[in-house]
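This briefing is intended for a reader who is meeting the structure for the first time. Please consult the sequence and the model shown below alongside the points that follow.

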Amino acid sequence: MLVGFKLNGRKVELDVEPRTTLADSLRGDLGLTGTHIGCEHGVCGMCTVLVNGTTARSCLLFTCQLEGAEVVTIEGMGREDNLHPLQQAFHDHYALQCGFCTPAFVLSAYELLSTHPSLEGVDLPAEMSGIICRCTGYSSILAAIKDFAEAHPEGPPPPANLS
Ligand code: FES
Ligand code: FES
């Protein structure tokens, strides 16, 4: 099936099998390996991306469902030489160990902070509980998100690496 969508600000067109997942298309067809795959059945959250501004598990989406959508992956958030401020907050807090969960946490935090910039009334551990960090780095991850919210009461700036 032919499918066209925007990926990190750039139009892409793919010819995929109906059963191909977005996670496999991103990693296999498009070479964007920042989207990680863990359980492949919607439990671990590793494969989280933004679809039309909302977090989605790319292992549970078929690529053919993405026609006309806007998809942002961790590669769209920033570059090594131009990190998004939320990535910088994770860096500053050492909020990663192996880093396998980091793209998913950054994108999930981005969505949360976009709708709740001050985190007022937000049960942050509960909100982030959909992503499993096997290194158990939760406290520094939550600290990075909290500090970011204090420093950016207006909410996070848009992704920094859209073409
Ligand atoms: S790989 Fe998608 S939720 Fe685990
Ligand atoms: S830092 Fe290793 S899985 Fe979270």
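From the N terminus on, the elements of the protein follow the order β-β-α-β-β-β-α-α-α-α-α. In this predicted model, the protein has six helices and five strands. The points below take up the overall form, the sheet, the helix that packs on the sheet, and one residue, P85.

**Overall form**

- The radius of gyration of the protein is 15 Å, which agrees with the value near 15 Å that a compact globule of 163 residues would have.
- Along the principal axes, the C-alpha atoms of the protein fill a box of roughly 45 × 30 × 30 Å.
- Of the 163 residues in the protein, 37% are buried.
- When contacts between residues at least 6 apart in sequence are considered, 65% of them join residues at least 24 apart.

**The sheet**

- Five strands form an open sheet in the order β2-β1-β5-β3-β4, and their pairing is mixed.
- The edges of the sheet are occupied by β2 (10–15) and β4 (54–57); each has a single partner strand, so one side of each is left without a neighbour in the sheet.
- From one strand to the next, the twist averages 40°.
- Strand β1 (residues 2–7) and strand β5 (residues 70–72) run parallel and are joined by two bridges.
- K6 has E70, in β5, as its bridge partner.

**A helix on the sheet**

- Helix α4 (residues 102–115) packs on the sheet, where it touches β3 (48–51) and β4.
- The direction of helix α4 makes about 35° with that of β3.

**Residue P85 and its surroundings**

- P85 lies in helix α3, which spans residues 85–92.
- Is P85 buried, partly exposed or exposed? P85 has 15 other C-beta atoms within 10 Å; a buried residue would have 20 or more and an exposed one 12 or fewer, so P85 is partly exposed.
- Which residues does P85 contact, once its neighbours within four places in sequence are left aside? The contacts of P85 are then F148, H152, P156 and P157.
- P85 and R57 are separated by 28 residues in sequence, and their C-alpha atoms are 23 Å apart in space.

Conventions. Residues numbered from 1 in each chain as written. Chains lettered and ligands numbered in written order. Predicted model: local features only at pLDDT ≥ 70, side-chain atom pairs only at ≥ 80, totals over all residues. Pairing = 2+ DSSP bridges. Helix = DSSP H or I, 4+ residues; strand = E, 2+ residues; numbered from the N terminus. Axes fitted to C-alpha atoms, helices over the stretch in contact; angles between N-to-C directions. Contact = placed C-beta atoms within 7 Å. Rg over C-alpha atoms; globule rule 2.2 N^0.38 Å.
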